[in-house]
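Please explain how this structure is put together. The account should begin with a single residue and widen step by step to the contact between the chains.

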Amino acid sequence: MTLFYVALVILVVVVMAVYVSWRAGRLDRLHHRTDGARTALDLALVRRSSGAYELASSGLLDPATSLLLEDAVRRTKENGSQRAVFDRELAESDLTRALRAAFTQPEFRQSLKDNDGAEELVIAVEAAARQVFLARKFYNDIVARTLEARRRPLVRVFRLAGHAAQPVFFEMDDVLTDE
Amino acid sequence: MRIGIACPYSWDVPGGVQSHIRDLAEALIDKGHDVSVIAPADDDKPLPGYVVPTGAAIPVPYNGSVARLSFGPLSLNRVRRWLRDGNFDVLHAHEPTVPSLSLLACWAASGPIVATVHTAMPKSRVLLATQGVMRSALEKIDGRIAVSEAARTTLVQHLGGDAVLIPNGVATHRYRDATPLPGWPGEGAAIGFLGRMDEPRKGLAVLLRAFEVLAPRRPGLRLLIAGPGDPADARAKLPAALRDRVHFLGEVSEEQKVQALHSVDIFCSPNTGGESFGIVTAEAMAAGAAIVASDLDAFRMVLRGGTAGELFRNGDAADLARVAGALLDDPGRRAELSVAAVDAVRAYDWSVVAREVLSVYETVVLGRKATVGVAT
């Protein structure tokens, strides 16, 4: 009889261990996907910066608009990766605002027609900005799910998150047009 | 001369560059010149006759803060039309490194160009200035003016070449007459201070310590303090009995400032350092205030070595109390100083500064045959 109970306890422990390790694996995968989404977001931001810089230095815009964009791009690149997240969010939002101010100027669209290649550069920046919008949406979505998973009692009791850093949302103004 | 001046910042917003341009333009017009200022401004707001508005400026992040600027193809077209219609002998662009009308004007114009740099450029902006669009616009400038030694130094160090130093003028006529604030200077005497309260180099702490010495023996004596900062901090530095004898105006408008200068018997400039010229002191002189200032070189110079205002040992509250006390007891001496100050500050009036600027215009025009046109 006692053998039966011992076997039962062992079974329960094994089942629990399997379950906990499955949950740990799931959480680990979430963290990895957060990293992946973050890389995608960083790439999209860099692509947008480069596009804006290319446009600014093309000589196809008026010099004041060029300088505004160059300044905003430069601020997104300052100090590279050691920047506090907040500064980075601010600089990227400022680039959005500078692009928005430039692109919504009266007669901006018409003026592009006179300069060969200008329209293509603007379209490229807009496409990159759209990608930033999407990448950030996906990143924040996976961050939300990871944070939710980390808050579960089982995860907290067994410290399943281990040493994985708590992911943070990336907040910025990323809407280029006032649609 | 026909002079076209480009202003980068919104005309409706108060600021150092805008008031510099306004005072310069008016001084030049007084001398019989033809002046047109192109500036970002709403067309439906009342403007001086010499201002050509380009429409409301757009708030945009620049250099770490939000600036109101004019840029884009429409602004460029308006600048071109202004240059064409104006037929100027010289174009004077202010702050050409700011992405706004001045840069557009330098870029679009051909012919004699003078530029004035107002603020010291941060290194990051200098890097931008040496490449691309900025460079081709800045290379066209024939004569460069810096309004401060700091602005001149960065310009020379980073961009090479040289610039003439022509400091800001004082629009003395704006300060001459005003009615004092209601109830001032009052029964006893009053001492005035103008400047940031929380900037130690403005020296408010020195004045407060001197007031502590002066006040007990002069029951009517009051302090009038104008400028940004927290009054509670300043008040806390005084003994409780004296606290209600200090009056804080906070940040003041241009008119209130003139009124405040006319509301005191003595104006005190206790600055402990960092003053290159002392514009506030010069304005107080233009208002005919009896000045007591620390003996910084800048003050010694504008006060003509102490004949147009009393000097005390820099940072020495006891010496300030002694000098100010003697002056409070001697209305005759105050009247003398007031006359001497009004006379001395004439050397810094805009009419004098405008003459210097004019000689820069005349010099750059000498080397050019054509007048200002639109670059093709």
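The model shown here is predicted. A good place to enter it is B:Val37, which, apart from its neighbours within four places in sequence, is in contact with B:Ile5, B:Cys7, B:Ile21, B:Ala25, B:Tyr50, B:Val51 and B:Val52. Is this residue buried or exposed? A residue is called buried if 20 or more other C-beta atoms lie within 10 Å of its own. B:Val37 has 26 C-beta neighbours inside 10 Å and therefore counts as buried. Sequence and space can be compared directly at this point: B:Val37 and B:Pro53 are separated by 16 residues along the chain, while their C-alpha atoms lie 8.4 Å apart.

B:Val37 belongs to strand β2 of chain B, and that strand leads to a sheet. Seven strands are to be followed here: the 7 strands form an open sheet with parallel pairing, in the order β3-β2-β1-β6-β8-β9-β10 of chain B. Which strands stand at its edges? They are β3 (51–53) and β10 (164–165) of chain B; each has a single partner strand, so one side of each is left without a neighbour in the sheet. The partnership of β2(B) with β3(B) is parallel and runs over 3 bridges. Within it, B:Ile38 has B:Val52 of β3(B) as its bridge partner.

Helices accompany this sheet. Helix α2 of chain B, residues 72–86, packs on the sheet and touches β1, β2 and β3 of chain B; its direction makes about 170° with that of β1(B). Helix α3(B) lies across β1, β2, β6 and β8 (113–117) of chain B and runs at about 145° to β6(B).

Helix α1 of chain B, residues 16–30, deserves a closer look. Its 15 residues reach 21 Å from the first C-alpha to the last, close to the 21 Å expected at 1.5 Å a residue. Which residues of α1(B) are buried? They are B:Gln18, B:His20, B:Ile21, B:Arg22, B:Asp23, B:Leu24, B:Ala25, B:Ala27 and B:Leu28. A general point about helices helps in reading such a list: an α-helix has 3.6 residues a turn, so residues three or four places apart point the same way. The cover over the buried residues of α1(B) includes β1 (2–6), β2 (34–39), β6 (90–94) and α15 (350–366) of chain B. Two of the buried residues, B:Ile21 and B:Ala25, have already appeared as contacts of B:Val37. After α1(B) comes B:Gly32, whose phi is positive, near 90°.

Chain B also contains an open sheet of 6 strands, ordered β13-β12-β11-β14-β15-β16 and paired in parallel. Here β13 (246–250) and β16 (310–312) of chain B stand at the edges with a single partner strand each, so one side of each is left without a neighbour in the sheet. Neighbouring strands of this sheet are turned against each other by 25° on average, with direction ignored.

How many residues of strand β12 of chain B, residues 222–226, are buried? The count is 5 of the 5, so the strand is largely enclosed by the rest of the structure. Both of its faces are covered: B:Arg222, B:Leu224 and B:Ala226 are buried on one side, and B:Leu223 and B:Ile225 on the other. Strand β11 (residues 190–194) of chain B pairs with β12(B) in the parallel sense over 5 bridges, and B:Leu194 stands opposite B:Ala226. β11(B) also pairs in the parallel sense with strand β14 (residues 266–269) of chain B, over 2 bridges. There, B:Gly192 has B:Phe267 as its bridge partner. Helix α11 of chain B, residues 279–286, lies across β11, β14 and β15 (290–294) of chain B, at about 160° to β15(B).

The last step is the contact between the chains. In it, 23 residues of chain A are in contact with 21 residues of chain B. On the chain A side, α2(A) gives the most, with 10 residues. The residues of that side divide into 10 nonpolar, 6 polar and 7 charged.

The axes of α2(A) and α3(B), residues 101–108, come within 8 Å and cross at roughly 130°, which makes α2(A) oblique to α3(B). In this contact A:Pro63, A:Ala64 and A:Leu67 meet B:Leu103, B:Leu104 and B:Trp107. Its residues divide into 6 nonpolar, no polar and no charged.

Methods: Residues numbered from 1 in each chain as written. Chains lettered and ligands numbered in written order. Predicted model: local features only at pLDDT ≥ 70, side-chain atom pairs only at ≥ 80, totals over all residues. Contact = placed C-beta atoms within 7 Å. Helix = DSSP H or I, 4+ residues; strand = E, 2+ residues; numbered from the N terminus. Nonpolar A, V, L, I, M, F, W, Y, C, P; charged D, E, K, R; others polar. Axes fitted to C-alpha atoms, helices over the stretch in contact; angles between N-to-C directions. Parallel < 35°, antiparallel > 145°, perpendicular 65-115°, else oblique. Expected span 1.5 Å × (residues − 1). Buried ≥ 20, exposed ≤ 12 C-beta atoms within 10 Å, placed from the backbone. Pairing = 2+ DSSP bridges.
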